[in-house]
Amino acid sequence: MDAPSSDQPGLIVDVQSAYRSFGHVHALRDLTIRVPQGSITVLLGPNGAGKTTAIRMITGALGPDAGTARVFGLDPTSRDGEEVRRRCGVVSAKPSLYDRLSGWDNLRYSAELYGLGRGDSATSAIRSAASKFAIEHALDQEVGGYSTGMKTRLALARSILHDPELLLLDEPTSGLDPESALAVLDLIRDMTSEGRTVLMCTHLLLEAEGLADEVVIMQHGTSLEGGRPSALAEKYLPTKRVRISTTMEGHLTALPGLPGVISADIQGRTAMAEVRSLDAVPDIINRLVNNGAMITAVSPFVPNLEDIYFAIRRSKGSSIDELAPPEDSTARPARTRSTETVL
Amino acid sequence: MPGLNTTQIWTVARTDLKQLAQARDFWFPMTLMGSFFFVIIPTILLFTITAIGDIAVVDQVAQTLDVLPAGAQDQIPEITSSGVEVTPAGRTAYALAVFLFAPVAVIVPLTISTAVGASTIVGERERGTGEFLAHSPAGAREIYLGKLLASLIPGYLTTVVGFGAYSIIVNTIVGPEVGGWFFPTAQWWLMIAWVLPPFLAICLSLVLRLSAKVRSTAAAQQASGLVSLPLIMIAYSQSTGVLFGAGYLPLVLGAVAWTAAVLFLARGVRSVTRSRLLGVAAGM
């Protein structure tokens, strides 16, 4: 990532060049994360990339071996840690709920630890949070009998009980069916509209698409790149591309040699052409038609997060290898590009 | 300790106790054990001795009372307040009630509290709830002390309830033989209120340290057994000494135990860390 600036105003989380090892395993190496206030920032990376360790470092549950972590301008590993944690709401990869307690008692426990007490205001906060995630009907039941979706919703309700300024969500849709996952993502979006800042980990590109204001691409415990998806697309996929479809194979053979075309990847009746400028596209189409091609579709190619992600991975390939952990590490490299959106 | 958040301590303790109350598979056998030691065995033994009268066997048992320390022998009444001589069966039953069952008051709470304490921290880790605690504003000291309380209360509560039941049984069965209700004696009060709590605290400080450091509940239970067994034996001998002794001995013994307990707790409080709650501390 670019050289970070220190104490940048408007940053809720500012992790700079953080390192953390567990024995011989290097969980984080030169990790830099900056989370602007009021944004949804998504940590994207394969399993073992260090996303969970990053969350743990942000709350001060773990300290960095080297580097710094500032949250709300405070050091979470210092005496300020309690204040940092009080202002954060966390949903772990596993819901971390007490199965033998009822939903109500789980929320009550959290309310008390986060300083809401046991009075009417705590009761009101519990009811409000449970209602927001549609779990209020099950609060009297033991959590051990909840479905995975109910547990996730209860964990989400617990995370917002104390009205945190920063929400840290570690794979919040893990184990959910698609409908429940979509509902959770909608709720996350709603929470930022209420002024909260969200930092979310996921290995699902589809999940981050459309949700992330900012992304941080992680691998082997390091941040390969970070920023707004549009800015990253501009940086890593600067050339314009157009998808052209015809009625028959062979109609596009002339495409690579046409003026304005940098390169063309022809697959049967469809081609993806890299062009110098979108202004050149009408002339390119005219020439193809004049050559006898029967065009059925022309569409500019807008890169999605998956394209950006893999472009960054390709671009950073050599540096990833340099940063590769030793053989005894449990971290695993992500597979190369496929049509799947699961990393 | 300065700056302790007592609300957090009590919140952690109360939540653990609530979970324990839901765990019928835990408290049912523990209640059975308490009943066995405090009610069933004393009732059978004391009733048998007082009911069978002054036959040769009881006489023999009564003679063994001669080996008791002088301070203990002085406590055994020879005549009742109304001037009637106490029978050998009555004297034997009195000695058994006051001296023999003293270790019960030690074994039961230590066993129960050790069982609770061994799984309390490693259990958080195994269930994944350690992650919640690690991210919460609760301080590590508060978590430790909350867990300590949650382990100590079930054992001590069982003792208090069992002690009450035992007192009624002893007074009902042995009381008529020695001229009326006599139990608890001053030494028993001292043992329950002054000597037993620090021994419980010492034992739990070690058990909780183990619970924070080991990988699994099973390992914690095994290691805790090894740690608590010598402590139970020490507590056994000390409690007997308290009951036999007189004067300031029980007070001094209790004071020494309390000092040791404070030292052990001060060291034990450092055993709970957020990385241990997460299960990623070095050596785990």
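Two residues are taken to be in contact when their C-beta atoms, placed from the backbone, lie within 7 Å. With that in hand, the fold of chain B in this predicted model can be introduced through its contacts: among those between residues at least 6 apart in sequence, 86% join residues at least 24 apart. In chain A, residues 24 or more positions apart account for 69% of the contacts with a separation of 6 or more.

The secondary structure gives a helpful setting for these values. Chain B has 13 helices and zero strands, and the pattern read along its sequence is α-α-α-α-α-α-α-α-α-α-α-α-α. Chain A, by comparison, contains 11 helices and 13 strands. As for burial, 44% of the 284 residues of chain B count as buried, and for chain A the value is 44% of 343 residues. Taken along the principal axes, the box filled by the C-alpha atoms of chain B is roughly 70 × 40 × 30 Å.

Chain A is divided into two parts: domain 1 is made up of residues 11–87 together with 165–234, and domain 2 covers 238–300. Between the C-alpha centres of domain 1 and domain 2 of chain A there is a distance of 41 Å.

Within chain B, one helix pair invites a closer look. Helix H10 (residues 186–213) of chain B packs against helix H12 (residues 249–268) of chain B, with the axes 9 Å apart and at an angle of about 20°. Because angles under 35 degrees count as roughly parallel, H10(B) is roughly parallel to H12(B). The crossing of these two helices, H10(B) and H12(B), is left-handed. On the H10(B) side, the residues that meet H12(B) include B:Leu190, B:Trp194, B:Phe199, B:Ile202 and B:Leu206. Among their counterparts in H12(B) are B:Leu253, B:Ala257, B:Trp258, B:Ala261 and B:Phe264. Sorted by class, the residues of the contact of H10(B) with H12(B) comprise 17 nonpolar, four polar and one charged.

A helix pair in chain A can be described along the same lines. H3(A) and helix H5 (residues 148–160) of chain A pack with their axes 9 Å apart, at an angle of about 25°. The two helices, H3(A) and H5(A), are therefore roughly parallel to each other. Here the crossing, in which H3(A) passes H5(A), is right-handed. From H3(A), the residues A:Gly103, A:Asn106, A:Leu107 and A:Ser110 meet A:Leu154, A:Ala157 and A:Arg158 in H5(A). The contact of H3(A) with H5(A) has three nonpolar, three polar and one charged residues.

H3(A) also appears where the two chains meet. In that interface, 21 residues of chain A are in contact with 22 residues of chain B. On the side of chain A that touches chain B, helix H1 (51–59), helix H2 (81–86) and helix H3 (103–113) of chain A each supply at least two residues. Which helix gives the largest share of that side? The answer is H3(A), with four residues. In terms of class, the side of chain A that touches chain B has nine nonpolar, four polar and eight charged residues.

Methods: Residues numbered from 1 in each chain as written. Chains lettered and ligands numbered in written order. Predicted model: local features only at pLDDT ≥ 70, side-chain atom pairs only at ≥ 80, totals over all residues. Domains from an automatic or database assignment. Axes fitted to C-alpha atoms, helices over the stretch in contact; angles between N-to-C directions. Parallel < 35°, antiparallel > 145°, perpendicular 65-115°, else oblique. Left-handed = near helix turned anticlockwise from the far one by under 90°. Nonpolar A, V, L, I, M, F, W, Y, C, P; charged D, E, K, R; others polar. Buried ≥ 20, exposed ≤ 12 C-beta atoms within 10 Å, placed from the backbone.
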